[in-house]
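Reader: I would like to learn how to read a protein model that comes with a ligand. Could you take me through it feature by feature, with the general idea ahead of the particular case?

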Amino acid sequence: MEAAFLRELERIVGKGHVRSGPADREVYSYDASLARQTPGAVVFPADSIQTARIVRAASRAGVPYVPRGFGTNLSGGSVAPPGGLVICLSRMNRILSIEPARRTARVEPCVTNLELQNALAPFGFFFAPDPASQKVSTLGGNVAENSGGPRCVKYGVTKNHILALEIVLPDGERMRVGSEALDPPGYDLCGLLTGSEGTLAIVTEITVRILPLPESAATLLAVFDSVSDAARCVSAIIAEGIVPSSLEMMDAPVMRAVEQSMPCGYPLDAAAVLIIEIDGAQEGLRTLARRIREICETNCCRHVQEAASEADRSRLWAGRRGAFGAIARISPGYLVTDCTVPRTRLPEALACVAEISGRHGLSFGNVFHAGDGNLHPLLFFDPADPDQIRMVHQAGMEIMKACVSMGGTITGEHGVGLEKKEAMRLLFSEEDLAFQRSIKRIFDPENLLNPGKIFPETPDPPPAGEGTDVQIDGLEELVPSSAEECRQMVLAALRKSLALVPEGSGSWRSFGNLPARPWIPLRSRGLCEILEHDPPNQVVTVGPGLRLKRLQAVLASHNQWLPLRPFLDRDGTVGGIVALNACGPERLLYGSPRDLLLGLGFVSASGHLVRGGGKVVKNVAGYDLTRLMAGSMGTIGFITELTLRVAPIPQACTLLSASGSLEATRAACKELLASCLHPAFAIATPEDDEAGSAARRGWTAATSRWRLYVGFEGFAETVQAQTGSWTSRLESRGFTNCSAFGYKPGPGPLKPIEARLDHDSCPFLVRIDLPLDKTLDCAASLAERCHLPGHLLVADLGCGRIRAGFESFGPSDWEFLLGMARRLGGYALLERAPDPFRRAHDVFGPPSLDWSLMHRLKHALDPAGLFAPGRLPGRK
Ligand SMILES: Cc1cc2nc3c(=O)[nH]c(=O)nc-3n(C[C@H](O)[C@H](O)[C@H](O)COP(=O)(O)OP(=O)(O)OC[C@H]3O[C@@H](n4cnc5c(N)ncnc54)[C@H](O)[C@@H]3O)c2cc1C
């Protein structure tokens, strides 16, 4: 590496923080995979400013670089380009804030996962993702790899828990993406960056969502004499509608290795064990544990043993967490494969692993996240034997092929890095890969940031062609009946320089800015079929034009549902719901469409059919296009197919409502969100008297009464207990008129409250998103300052979202709301407004720094401005 460049690095970070001696370069030449490449130097920045200066210097010198946490990556992602620069972020290791009332924590990238968990525990909180490497893997690495862990079967993977990132882009620009307030306007850049394996930007600060620790947990060890019985049992548990907090599997070779290294009491004569943990409210946990025991017994389990004490439980987990390390005692080298299959295919997948390893003469063991279908076959080999190295890679590739042929993916959580680049072709077409590579080029045109990762060397496909005989002249709407026909229509529109606006039912047609030029609606109603429903694996694939009600009806016959109740509109199309990331307050328990979308197909603005994601619940192969497309408001492409995770219908749903003062409501909400109760939602509205109290002058928020609505959904016993416990807590806080009643999960109980904000009552509908702890006070000031009738205001206290309807509304009202939202750390947008107002104002408010990145994406992915031009924030 050039001496002048090294001197420049030293000027930026100080002499002691640049290393280029042979020993240092050797130490940073590998990670936990088999990949090896020696860097030219290693630099240790202290903060994001130094990181940005290093990136600019590397760009000027044309030196490729890789960001690095603690190097535990299992796919070669943290290995530098040969002779390149390692930017090791290990000095950026502070926990910056923990805010239980907001359910957030802010950290620098090299805080380890376990350090954060330990810091949160005294507050009664935890960070859900828990990779087995949590002692030594950093949160920056977890974000870059979208890491999973045993708990992810219930709580989701890293991407489901990241709220905001501070990043350094390859041009040295520093920027914040995401927000403590949910769904900042436009593309989910935070979601796109999570899982991008350090190839799009360097993460220098992370804001995560934290959750209250569960009240109690039970840990079971189910012992099996056959691996396939254990695998079948996994599906049986999930099919029953039980969502354990962990469902892990280990086979005999791994148990033997663990017992040799740290005796944990695993049965050495068994073929496999499942570690099954359930957590949550105390009530109902015993019933659940009993039911799991029964399911195990009907699936040929030899016996089930329950951890009798915390020490017992820790012992069982210590073995699981230490399993990879323990393998080192029985084999000098091993390759960790990481594939996901639909859970029901686990027995078959494990049989394939045995067959493939046997055929190559390799010993192997299995330890993995069975509840997610996420396999980790460990293939043992001798690193001194080149033949074995070749064989082990060959066997790894064959296992990936087998898993893909079962509907699975090549990596569930370890990433593609260097080692699985070629396997990307098993999943993705040339068009798919080209679309993803174009994202890389937008972020990193010089290809200096972690180059050579993720993508195989394939040429970009030719342009999409001329199109055939589809005529669109003079049509008022385009209604394709197949993805191919849609593609032809897109090509025809491109030729004629027309603009297209994707539309579902049209109920939220007015969402976003007015299109910038005349356009034709491209409607999804011709693509409205259920293409595939896989009830045991809880996955459904549908056309975008399918109505939510119809989907719910079909799913209900299998006792399942899509756990979404989009605000005001329970019968929109699934494509429209995903395109707007539309959901209601139940998101607190179930997540938003972004969390439920597993994969999709769409026609891009260049007329290619592109696929992203897949059909399994855990998948980190390539950039997460599901995150990019969900919430993109039809500005990137026309969605032709969606695969979504569905859930068992809750056994019971109860709404608890009560009336209290503002102060009591604030205190109750704080208690609820810090408690180990699992409400499905919590909303509040100011109570109106006959005159509509909030509308009267002289009304003050402080003296007003508020109606609090809390929903509990799930197992009947748990719901009943939680409702009972919460009723007495509210009464003890002075709440009156407490009532509880059951409701149907599909429509939910809040429709009448939302209906007051329909178009006829209020042509202007404002949405304000805020940090959780600011929501109620913001709603109170809004009601007071705007003399808003209570029934036109709904504060979603569980998600930090306020909706307020106005009959009339002027620029000064808009300015006031924008200012108030900004001061409180959130933002406001107009979800509905008459066209003249939309023409005069950006409905997303004033520009934010990250909009420029969003506009770069839009411009590069849709250079002709084909899809919904002008709709984005900033009217692009
Ligand atoms: C024994 C063992 C068990 C494991 N168990 C699990 C498991 O259960 N679940 C799981 O998901 N993974 C697991 N892993 C894999 C690994 O621990 C994770 O991928 C982890 O998130 C990597 O963190 P790290 O700090 O070591 O990152 P590194 O290995 O240093 O980096 C990983 C990738 O992230 C990029 N990167 C790192 N920091 C940043 C940053 N700040 N900004 C941008 N890019 C960055 C790097 O360039 C690289 O591409 C395991 C690994 C081992 C060795």
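Author: A count of secondary-structure elements is a useful way in, and in this predicted model the protein chain holds 29 helices and 37 strands.

Reader: How should I judge the overall form, and why does the radius of gyration of 27 Å agree with a compact globule?

Author: The general idea is to set the value beside what the chain length would give. For 876 residues a compact globule would have a radius of gyration near 29 Å, so the 27 Å of the protein chain agrees with that form. The C-alpha trace spans about 85 × 65 × 60 Å along its principal axes, and 62% of the 876 residues count as buried.

Reader: Turning to the ligand, how many residues surround it, and which are the closest?

Author: A residue belongs to the shell if one of its heavy atoms lies within 4 Å of the ligand. Here 36 residues surround the ligand, with Pro67, Gly69, Thr72, Ser133 and Thr138 as the closest. Sorted by class, this shell has 14 nonpolar, 18 polar and 4 charged residues.

Reader: Which side chains place polar atoms at 2.8 Å from an oxygen atom of the ligand?

Author: For such contacts one looks for pairs of N or O atoms within 3.5 Å. Asparagine 142 has a side-chain N or O atom 2.8 Å from an oxygen atom of the ligand, and serine 147 likewise has a polar side-chain atom 2.8 Å from a ligand oxygen. With glutamate 413, a polar side-chain atom lies 3.0 Å from a nitrogen atom of the ligand. As for cover, the ligand taken alone exposes 970 Å², of which the protein buries 95%.

Reader: Which elements give two or more residues to that shell?

Author: They are strand S3 (65–68), helix H5 (139–145) and strand S10 (202–209), and H5 provides the largest share, 5 residues. In terms of domains, at least three shell residues come from each of domain 1 (3–88) and domain 2 (100–118 + 131–202).

Reader: Lastly, how do I read a single side chain: is arginine 570 buried or exposed?

Author: The test is relative accessibility, with buried meaning under 20%; arginine 570 has 9% and therefore counts as buried. Arginine 570 sits in the loop between strand S25 (560–561) and helix H19 (574–579). A polar atom of the arginine 570 side chain lies 2.8 Å from the backbone oxygen of proline 566, and the side chain of arginine 570 also makes a polar contact with that of glutamate 754, at 3.0 Å.

Technical notes:
Residues numbered from 1 in each chain as written. Predicted model: local features only at pLDDT ≥ 70, side-chain atom pairs only at ≥ 80, totals over all residues. Heavy atoms only, no water. Polar contact = N/O pair within 3.5 Å; in protein donor to acceptor, adjacent residues only side chain to side chain. Areas by Shrake-Rupley, 256 points an atom, 1.4 Å probe, with all protein chains shown as cover. Helix = DSSP H or I, 4+ residues; strand = E, 2+ residues; numbered from the N terminus. Nonpolar A, V, L, I, M, F, W, Y, C, P; charged D, E, K, R; others polar. Domains from an automatic or database assignment. Rg over C-alpha atoms; globule rule 2.2 N^0.38 Å. Buried < 20%, exposed > 50% of the residue type's maximum accessible area, 1.4 Å probe, protein only.
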